[in-house]
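Welcome! Take a moment to turn the structure around on your screen, and then walk through it with this short briefing.

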Amino acid sequence: MPTPDSAALRAHTAIRAAILDGSHRPGEMLSENELAQRLGMSRTPVRSALTRLQDEGWITIYPKRGALVRRLSDREIAELADARLILEAMGVQRASTEVRRALADRLEPQLNAQREALLARDLDGFVTLTIAFHRSFVEAAGNAVLAEIADRLTDRQRLLLSAHRETLFERVEETIAEHRALVERLRADDPAGFAEALRGHLMDTHGPELGPV
């Protein structure tokens, strides 16, 4: 028989996943009763899960009303872009010429898969691909601490992409062209040019309409 703790963990995992994949959109009010019915459990573990999600910053609980799914503020989005710029540019800068060019060869074929996912409106597929694409720049440095820090940003990146899915689907060619430019800077062994292309990619696509991809 499931324990209260295991039920609360299951509720937390399910609700958090639904927030990150966009099933529960920013600004949506979640009902404790409805969540309990959907998850097939009592309200007690759901309440515990919501409290934890509020502590983690995903929701805001309003007594007797429900739990509001938070949206990232403009400042949080800007700070996420800054952190990613530092991590990804540093990863490429610290990599050797051989690593940069090998990475370009590995990433080039992935661009078509990214484009196909966007054209098919496969958000989950694209998010998985683009997060791995950008993480590879951090990995290029061979620094486990940098990679660990980058991993801590993944949930916020996923949340941002899910919240702006329609804009993503509208700018398929622009996104792929920007990703291609990053690959070309790697192949040219131009870390400074890569950093500038990355800055443009993050900042040009950053704002209320679309966060960094």
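Let's start with one residue: Glu-116 is found in helix 6. With a relative accessibility of 54%, Glu-116 counts as exposed, because exposed means over 50%. Its C-alpha atom is 8.6 Å from that of Phe-126, and the two residues are ten apart in sequence. Please keep in mind that this is a predicted model.

**The whole protein**

- The protein has twelve helices and three strands.
- Its C-alpha trace spans about 60 × 35 × 30 Å along the principal axes.
- The protein has 213 residues, and 43% of them count as buried.
- Among contacts with a separation of 6 or more, 74% are between residues 24 or more positions apart.

**Helix 6: which side is buried?**

- Which residues of helix 6 are buried? In this helix, made of residues 110–119, they are Leu-111, Gln-114, Ala-117 and Leu-118.
- These buried residues cover an arc of only 125° around the axis, so they sit on the same side of helix 6.
- What do the buried residues of helix 6 pack against? Their partners are helix 5 (97–107), helix 7 (123–139), helix 10 (165–170) and helix 11 (172–187).

**Helix 6 meets helix 11**

- The axes of helix 6 and helix 11 come within 10 Å and cross at roughly 165°.
- That angle makes helix 6 roughly antiparallel to helix 11, because angles over 145 degrees count that way.
- The crossing of helix 6 and helix 11 is right-handed.
- On the helix 6 side, the contact is made by Leu-111, Gln-114, Arg-115, Leu-118 and Leu-119.
- Helix 11 brings Val-172, Glu-173, Ile-176, His-179, Arg-180 and Val-183 to the contact.
- Sorted by class, the residues of this contact of helix 6 with helix 11 are six nonpolar, two polar and three charged.
- Leu-111, Gln-114 and Leu-118 appear in this contact, and they are also among the buried residues of helix 6.

**Helix 7 meets helix 9**

- Helix 7 and helix 9 (residues 154–163) pack at an angle of about 140°, and their axes are 11 Å apart.
- This makes helix 7 oblique to helix 9.
- Is the crossing of helix 7 and helix 9 right-handed or left-handed? Helix 7 and helix 9 cross in a right-handed way.
- From helix 7, the residues in contact are Leu-123, Val-127, Thr-128, Thr-130 and Ile-131.
- Helix 9 takes part through Thr-154, Gln-157, Arg-158, Leu-161 and Ser-162.
- The contact of helix 7 with helix 9 has four nonpolar, five polar and one charged residues.
- One of the residues to look at here is Thr-130, which lies in helix 7. Thr-130 counts as buried, since its relative accessibility is 0% and buried means under 20%.
- Thr-130 and Arg-158 are 28 residues apart along the chain, and their C-alpha atoms are separated by 9.7 Å.

**Helix 8: one face in, another side out**

- In helix 8 (residues 144–152), the buried residues are Leu-146, Ala-147 and Ala-150.
- Seen down the axis of helix 8, these buried residues fall within an arc of 100°, so they line one face of the helix.
- Ala-144, Val-145 and Arg-152 are exposed on the other side of helix 8.
- Which helices help to cover the buried residues of helix 8? The cover includes helix 4 (74–94), helix 7 and helix 9.

**Two residues with a positive phi**

- Most residues other than glycine have a negative phi.
- Lys-64 has a phi near 70°, a positive value in a residue that is not glycine.
- Where is Lys-64 found? Lys-64 is in the loop between strand 2 (59–62) and strand 3 (66–69).
- Lys-64 is exposed, with a relative accessible area of 92%.
- Arg-121 also has a positive phi, of about 55°, although it is not a glycine.
- Arg-121 follows helix 6 and lies in the loop between helix 6 and helix 7.
- Is Arg-121 buried or partly exposed? Arg-121 counts as partly exposed, at 47% relative accessibility.

Technical notes:
Residues are numbered from 1 along each chain as its sequence is written. This is a predicted model: local features need pLDDT of at least 70, side-chain atom pairs count only at pLDDT 80 or more; totals for chains, interfaces and linings use all residues. Side-chain values use heavy atoms; hydrogens and water are left out. Buried means under 20% relative accessible area, exposed over 50%, partly exposed in between (1.4 Å probe, protein chains only). Helices (H or I, at least four residues) and strands (E, at least two) are DSSP runs, numbered from the N terminus. The arc is that of the directions from the helix axis to the C-beta atoms. Contact means heavy atoms within 4.5 Å. Axes are lines fitted to C-alpha atoms, for helices over the stretch in contact, and angles run from 0 to 180 degrees between N-to-C directions. Angles under 35 degrees count as roughly parallel, over 145 as roughly antiparallel, 65 to 115 as roughly perpendicular and the rest as oblique. A crossing is left-handed if the near helix is turned anticlockwise from the far one by less than a right angle, and right-handed if clockwise. Ala, Val, Leu, Ile, Met, Phe, Trp, Tyr, Cys and Pro count as nonpolar, Asp, Glu, Lys and Arg as charged, and the others, Gly among them, as polar.
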